[in-house]
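Please take a moment with the sequence and the model shown below before reading on. The paragraphs after it are meant for someone meeting this structure without earlier acquaintance.

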Amino acid sequence: MNYPQLNLPTNADVVIHTNLGDLSFVLFADETPKTVANFVKHARDGYYDGVIFHRIIKDFMVQGGDPTGTGMGGESVYGASFEDEFVPTLFNLHGALSMANAGPNTNGSQFFIVSASQVPNSMLGQLEGAGFPSEIIEAYAEVGGTPWLDQRHTVFGHLLEGEEVLQKMQNVETNSQDKPLEDVVIQSITVNMK
């Protein structure tokens, strides 16, 4: 089986420009067409411009995409929330770009970037029994991630460049609700796809 995150291309599909630097991503349009179309249209329309990353948890993830900045807002380009697109070849490895949701099939505009740099050994030992492919278990052991989110959050992209920016983001000071004390802002998003 082919696992796109283990063989990433060199050209970015989108670049998220933040006040802390740029994050470049490849998007998995073949595997998750509806999710990618939602993100790309929002990006092109400027929906995400000026939006903060409202929830940042060190060694876990950074979350944004809600124009209200509260974690309670945002909608899809389809109007209603839309269904998950789970595929057996994409995983919440470190650097994964995934949809935030409020349960099954509740995707809107919010997304997160996995910043966890390691998976607990106790959990790594359980992945084989849970049916994870050996290549993916090795990747989780090597780079980290959040395997407990697999098949719960749609993975639709992966970080190509900007690891140092992701580290800067996840190390900002936050309050008790995991909201950064100083705003981490999406200034704009450049889309390089047709």
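What follows goes from the sheet to the helices, then to the nonpolar cores and to one residue within a strand.

The coordinates come from a predicted model, and the UniProt record, in an unreviewed entry, lists residues 17-191 as "domain: PPIase cyclophilin-type". Over that span, 22% is helix and 21% is strand, while the C-alpha atoms at its two ends lie 11 Å apart.

A good place to begin is the sheet, which is open and has 8 strands in the order β3-β4-β6-β5-β7-β2-β1-β8, paired in antiparallel fashion. Strands of a sheet are held to one another through backbone hydrogen bonds, in either a parallel or an antiparallel arrangement. At the edges stand β3, residues 55-57, and β8, each of which pairs on one side only, and on average neighbouring strands are turned by 25° against each other when direction is ignored. One of the pairings can be followed in detail: β4, residues 61-64, runs antiparallel to β6 and is joined to that strand by 4 bridges, with methionine 61 standing opposite valine 114 of β6.

Two helices can then be placed against these strands. Helix α1 lies across β1, β2, β5, β6, β7 and β8, and its direction makes an angle of about 120° with β8, whereas α4 lies across β1, β2, β3, β4, β6 and β7 and runs at about 115° to β2.

In soluble globular proteins, nonpolar side chains tend to be buried together. Here the largest nonpolar core has 27 residues, and the members that touch the most others are Leu23, Phe25, Leu27, Phe39, Phe53 and Phe111. Elements giving two or more residues to this core include β2 (21-27), β7 (155-161), α1 (33-45) and α4 (163-170), and the largest share, 4 residues, comes from α1. Apart from this core lies another, of 13 residues, with Val26, Met61, Phe112 and Val155 among them.

Leucine 27 shows how distant parts of the chain meet, for beyond its neighbours within four places in sequence, its contacts include Val14, Val36, Phe39, Leu97, Phe156 and Met193.

Is phenylalanine 156, a residue of strand β7, buried or exposed? Phenylalanine 156 is buried, because its relative accessible area is 0%, and the limit for calling a residue buried is under 20%. Leaving out residues up to four places away in sequence, phenylalanine 156 touches, among others, Val26, Leu27, Thr35, Phe39, Met99 and Phe111. Its C-alpha atom is separated by 9.3 Å from that of phenylalanine 86, although the two residues are 70 residues apart along the chain.

Key:
Residues numbered from 1 in each chain as written. Predicted model: local features only at pLDDT ≥ 70, side-chain atom pairs only at ≥ 80, totals over all residues. Heavy atoms only, no water. Core = buried A, V, L, I, M, F, W, Y, C linked by side-chain atoms within 4.5 Å. Buried < 20%, exposed > 50% of the residue type's maximum accessible area, 1.4 Å probe, protein only. Contact = heavy atoms within 4.5 Å. Pairing = 2+ DSSP bridges. Axes fitted to C-alpha atoms, helices over the stretch in contact; angles between N-to-C directions. UniProt positions renumbered as here; feature names shortened; annotations may be inferred.
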